[in-house]
Number of protein chains: 2
Amino acid sequence: MIYKKQYGQPFDTESVVGSFLPMMETIPYLTKEPDGFSYAMEPQDILYGLGENVRGINKRGWVYESKCSDDGNHTEGKSSLYGAYNFMIVSGKDTFGFFIDYPGKVTFDCGYTDLDTLRITVAEENYDLYIIEGESLTDIVHQFRQLVGRSYIPPKWAFGNAQSRWSYMNEDEVREVVANYRANHMPLDAVVLDIDYMERYKDFTVDAQRFPRFADFAAEMKAQGIHLVPIIDAAVKVEEGYDVYEEGVKNGYFCTNQDGTPFVAGVWPGRVHFPDMLNPEARAWFGSQYKVLLDQGIEGFWNDMNEPAIFYAEERLKKTFAQIEKYSKQNLDISSFGAFTGMVAGLSNNENDYKLFYHNTKQGRMRHDKVHNLFGYNMTRAAGEAFERLEPDKRILIYSRSACIGMHRYGGIWTGDNHSWWSHILLALHMMPSLNMCGFLYEGPDIGGFGSNTTEDLVLRWYGLGIFSPLLRNHSANGTRRQEPYRFKNKAAFAGILQLRYLLLPYIYSEYMKAALHNGMYCMPLAFAFPGDDFARRVEDEVMIGESLLIAPVYEQNARGRYVYLPEEMLQVRVKCSESNRIETSVLPAGHHYIPVELDEVVFFMRKGHLLPLAKDGKKIQSVADVDFADLRLLAYAPDGASYEYYTDDGETKDYDKPEHFVHITLDADGNTKSDRATVKVEG
Amino acid sequence: MIYKKQYGQPFDTESVVGSFLPMMETIPYLTKEPDGFSYAMEPQDILYGLGENVRGINKRGWVYESKCSDDGNHTEGKSSLYGAYNFMIVSGKDTFGFFIDYPGKVTFDCGYTDLDTLRITVAEENYDLYIIEGESLTDIVHQFRQLVGRSYIPPKWAFGNAQSRWSYMNEDEVREVVANYRANHMPLDAVVLDIDYMERYKDFTVDAQRFPRFADFAAEMKAQGIHLVPIIDAAVKVEEGYDVYEEGVKNGYFCTNQDGTPFVAGVWPGRVHFPDMLNPEARAWFGSQYKVLLDQGIEGFWNDMNEPAIFYAEERLKKTFAQIEKYSKQNLDISSFGAFTGMVAGLSNNENDYKLFYHNTKQGRMRHDKVHNLFGYNMTRAAGEAFERLEPDKRILIYSRSACIGMHRYGGIWTGDNHSWWSHILLALHMMPSLNMCGFLYEGPDIGGFGSNTTEDLVLRWYGLGIFSPLLRNHSANGTRRQEPYRFKNKAAFAGILQLRYLLLPYIYSEYMKAALHNGMYCMPLAFAFPGDDFARRVEDEVMIGESLLIAPVYEQNARGRYVYLPEEMLQVRVKCSESNRIETSVLPAGHHYIPVELDEVVFFMRKGHLLPLAKDGKKIQSVADVDFADLRLLAYAPDGASYEYYTDDGETKDYDKPEHFVHITLDADGNTKSDRATVKVEG
């Protein structure tokens, strides 16, 4: 049951698909307040949702703001990251979901001001509120996801391993990465190109010195099973003679100042304009630009800096320089020195600058701050809609940094500029189920950490979680320690853990596709799978991956194991990565366990009576193309037999729903395996 | 056994007491490298030490630099905090301690570059190396501590609760804090005054508007059992007519530029000079300044900004303004905008500025960077030596932000500008035993967190650890959410947990004094107490407090308990703080446990056969003066009886070693208690 109530005159975000819902006069659970809502929480109530944000799976105990922000310092003190995910579930005395469909700032005070009060504040009284009742937590998510539409589905190769760095500076550096991967038997499907592949940071250009024959190079890489994934930035460089700039100006496709002239900000290339992603014509035009790279053989992209990130607004920069001139003549004490440095630090991503520019939307001219959270969403929509036009039968990989519910139909996300901190392994785990609820199934963190210097053990442990994320990408910032896995000592462990990912792909892909096609969750909190288990409700460092697996990665430095809570009797699967993924299994009873996990091991847990379809022969796999999704071995603890609905398709085209993609696999009590389609072989 | 070897011509840091040690030709364990030492680690080797630093008790897996740094963002990516603690213990294949007695930069690469290599790099080949062998980890610490001299002992009231804020702006605000504490039955012994009590941030002044009759006000507070603890900053304001400035200039007591003129930097008051703390005359002069506050009834201080913190060096500031003028005329792209903002951000605490100024030491003129880590140490030594002259028979409280081994003889530390992050509860726990090893027994974190906004549950959980630290102080930054405990909802829980601290004081004080007097550890890692227990070696979130207690505080948001490892059968002591500290005890077997701990509870564990002397009648206690240290009740799980060496003294004077301060308390197998001195009563 979904209740909808409209307040004021909402901007149509197109987050919700269709408009079939009746309006309600009154809404249950929440109490209306002048500026939003409140809800009195009981001590046992848990709050789920809000997508990509700091802190726990249970969002209780902090305050969050939906306000897409370019902030690369994901400490516990932050209230906003890159996206806006206004969906939340209250679980406890009452259990219900709610969604605030509003494109500006929304604040979720989850027991921050008062321990027992949930308080939602919306910047303006122009929004739709949806309240969702359901039979269970998963049912509430299912209904919400039906409301907002089917999640993005990437090509199958995008479930392979991707290596990134800011930046691989030229063809030879990319070749070297690939050669090292291959030489070390570490599978790889993609090399990601950060901003330096472009000619002076101009979107849809390629630097002619660094990548002189880009189409040839893309083909050369593809012949080795490697996809190049270039970055696209939100902002367009101001430069005479640059076609994207000139077309945008000529057609009025850029965001404007109040007086109608194009708004000038500074980003990577210096002075830029922002394409007006909320103007349908401009969006179509921007999307069409991707063709220049598609035509060179590119099949995947990442959209960045689309909160939008602003190094400076030109207007603010000028005022700042004028003020600095004054400071240069003073005795700078605590207040004036603080004002001076604060002014400079405050040049970037200053919220006040969102009030300086405008969009021409189909609902009229809108000041940016009032629709701020739609920018990255609509940049990625620009790409997604263009791919639909340009390559109607082919899946193109796209993931974005900024997002908003609605964007999940067009692309995935990576979780932005994290750090090489142990706490960020756990943060990445916390984000997974929260993003899944909101429809963002294709997601993953920068494995090894983007900022700060990494360590070998951190990267290895991070892969212990990362191999279960749909997006598996190692990425790091300019100036930090190199962290490609072949650079470290335990090469056998890194090769093994990456091979393990590929062995798991039949399951990971199948579970992903079922979640996407049926509006389900690929990754969920324990409480969703074991709703009657009071302890499971409190577990913050284990999640379910698909229907069969519980994962409990190690995320502490120098740890040689960890505590694991099992809600029921489960099969412990211990994989010795450094020894060709030798697998040992044993049955563990429900309850608390200390599980030893050495640095070169991955341990996960299987539900009784469930199956895990694995690929065979890990050693020969170099990329997803080498994985035989039709020749499986089954892992199970199923004394009474078990069955599994296996999804498999070509991974390239879009006829997702064909019945022949669904294969019924069974294991009977005697250990005999069976598949209901001749195309898929299984053995025990 | 201590080995000493001298390299080059060391600067005498006076970290080591006496010079009785023979020089060794060769040293064991470490391999000499051109720029330091290396050691090949086995997987099971653990590295202890390095005092106040980020990450775990086991320092393995990261790189640390001894380089006192004013850095208020204690994330995992940092290599230096405020102090320099060059003592480390290797525990594993070999077990030994080592100390690098050098006042400049020392790098400890603890398996960062190579997982299995410990690599120590010293900036110059002018230092003393000490290697310490012992029978046990505690014996190694004991020998090291004998080498560097007895730890600082504060007055007994300094073990009471302190409330701080940047800043309580005037007398009435302080009165209000005290009144609120008293009204809510929350005990309090000190209110800490941050920088705004001074007249325009001038050391040893008091603002006449805000605190018009400071001596009277100090007396008024003292009559209520409250000590005022003002801050003293390292730098002296440049201002004609300000006596400290004028005396310093006249006598040449400030650090100088290469040309001999006083070095100018900017700190709170704007332009300042740094007193030359390494010049014995200047140090004595600076120490004598504390008299102006002692004379007004002040008995405690905190020394801040003594790394020294530098907002800007005047020379660098001028160059920066000139360069900004040039930037103001350019298209600021990634490199020039980054250079501009980086230049401004790099004004503060810029390592290169340490090369701009000089000290006149008794060993000659020294450029600051070569003796950098001695500055805070010698500022606190200035105070400590002055107190010895001015108040020879009285203990004065002093704690510092910057430190270096050697300073532990003169004062304690607080652990600097942490944040209101859950991870910083655990970080505070990690620092405790590491600081204890280095002689810093009197220490504690800013409870509730200095930076960022706090939450009620965070503050309450933080007290769950903080009540076991010798220094118990709630402190927070200007502009952050107020966090005095009486401002939150669960007043009974806050009152209870603070009362619990006072109930524990007979034990805490006794254990502290024994550790200080016998060069022992007040707080130690589990591995030190249970050296034969392989699992205990890996435990990073429990520590021993004194001989009887194991603590395992909750440090995760929304947690209602935690896993606890008990190396042996222990008595679980569950305290319901919100219900007048109702205590329940039960015996738990050795091994792994999940221990429920509600938000209003504190749970700790007692070793079998040990005693815990507690104060009686928590409800009437308002300050340390109300605690009767001579009328105790004993808590124990001692079926075969137990004995305890109880230390008690007046807490004010310095005749620490008198035999009558040591009381032998016994509990026999029948539950009869006995004290060998009539002055101390005990009951079971």
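# Chatting through a two-chain model

Mentor: Let's start with residues 152-510 of chain A: that stretch is 37% helix and 16% strand, and its end C-alpha atoms sit 15 Å apart. Keep in mind that this is a predicted model.

Trainee: What does UniProt list for residues 152-510 of chain A?

Mentor: The UniProt record, an unreviewed entry, has "domain: Glycoside hydrolase family 31 TIM barrel" there.

Trainee: OK, and which feature does UniProt place at residues 36-109 of chain A?

Mentor: That one is "domain: Glycoside hydrolase family 31 N-terminal", again according to an unreviewed UniProt entry. The span is 0% helix and 43% strand, with end C-alpha atoms 11 Å apart.

Trainee: Which residues of chain A does the "domain: Glycosyl hydrolase family 31 C-terminal" annotation cover?

Mentor: UniProt gives residues 523-611 of chain A, from an unreviewed entry. Here the chain is 4% helix and 48% strand, and the end C-alpha atoms lie 17 Å apart.

Trainee: Switching topic: how many residues does the contact take from chain A and from chain B?

Mentor: Chain A gives 67 residues and chain B gives 67 residues. Together the two chains bury about 5,400 Å², and 58% of that is on carbon and sulfur atoms.

Trainee: How many residue pairs are in polar contact between chain A and chain B?

Mentor: There are 34 such pairs, counting residues that are both at pLDDT 80 or more. On the side of chain A that touches chain B, several elements supply at least two residues each, including α7 (314-327), α8 (334-345) and β31 (561-566). By class, that side of chain A has 30 nonpolar, 23 polar and 14 charged residues.

Trainee: And how many salt bridges go across the interface of chain A and chain B?

Mentor: Four of them. Over all chains, the structure holds 118 salt bridges.

Trainee: Which residue of chain A does B:K489 form a salt bridge with?

Mentor: B:K489 pairs with A:D116, and their closest N and O atoms are 2.7 Å apart. In chain B, B:K489 is in the loop between β27 (472-474) and α12 (491-517), while in chain A, A:D116 is in the loop between β9 (106-110) and β10 (117-122).

Trainee: What about A:K489, which residue of chain B forms a salt bridge with that one?

Mentor: That's B:D114, with the closest N and O atoms 3.2 Å apart.

Trainee: What rotation superposes chain A on chain B?

Mentor: A rotation of 180°, with 0.0 Å of shift along its axis and an RMSD of 0.0 Å. So the two chains have the relation of a two-fold axis. The same surface serves both copies, as 100% of the contact residues of chain A recur in chain B.

Trainee: Now for backbone oddities. Which residues does a cis peptide bond join in chain A?

Mentor: One joins A:E307 and A:P308, with omega at about -5°. You'll find A:P308 in the loop between β18 (300-304) and β19 (312-313) of chain A. In chain B, a cis peptide bond joins B:W166 and B:S167, with omega about -5°. B:S167 is in the loop between β12 (161-163) and α2 (171-183) of chain B.

Trainee: Is phi of A:R55 positive or negative?

Mentor: Positive, near 70°, and A:R55 is a residue other than glycine. Look for A:R55 in the loop between β4 (46-49) and β5 (62-66) of chain A.

Trainee: Why point these out?

Mentor: Because most residues other than glycine have a negative phi, and most peptide bonds are trans.

Terms used: Residues numbered from 1 in each chain as written. Chains lettered and ligands numbered in written order. Predicted model: local features only at pLDDT ≥ 70, side-chain atom pairs only at ≥ 80, totals over all residues. Heavy atoms only, no water. UniProt positions renumbered as here; feature names shortened; annotations may be inferred. Contact = heavy atoms within 4.5 Å. Buried area = accessible area lost by both parts, 1.4 Å probe. Salt bridge = Lys/Arg side-chain N within 4 Å of Asp/Glu carboxyl O. Polar contact = N/O pair within 3.5 Å; in protein donor to acceptor, adjacent residues only side chain to side chain. Nonpolar A, V, L, I, M, F, W, Y, C, P; charged D, E, K, R; others polar. Least-squares fit on C-alpha atoms with pLDDT ≥ 70 in both.
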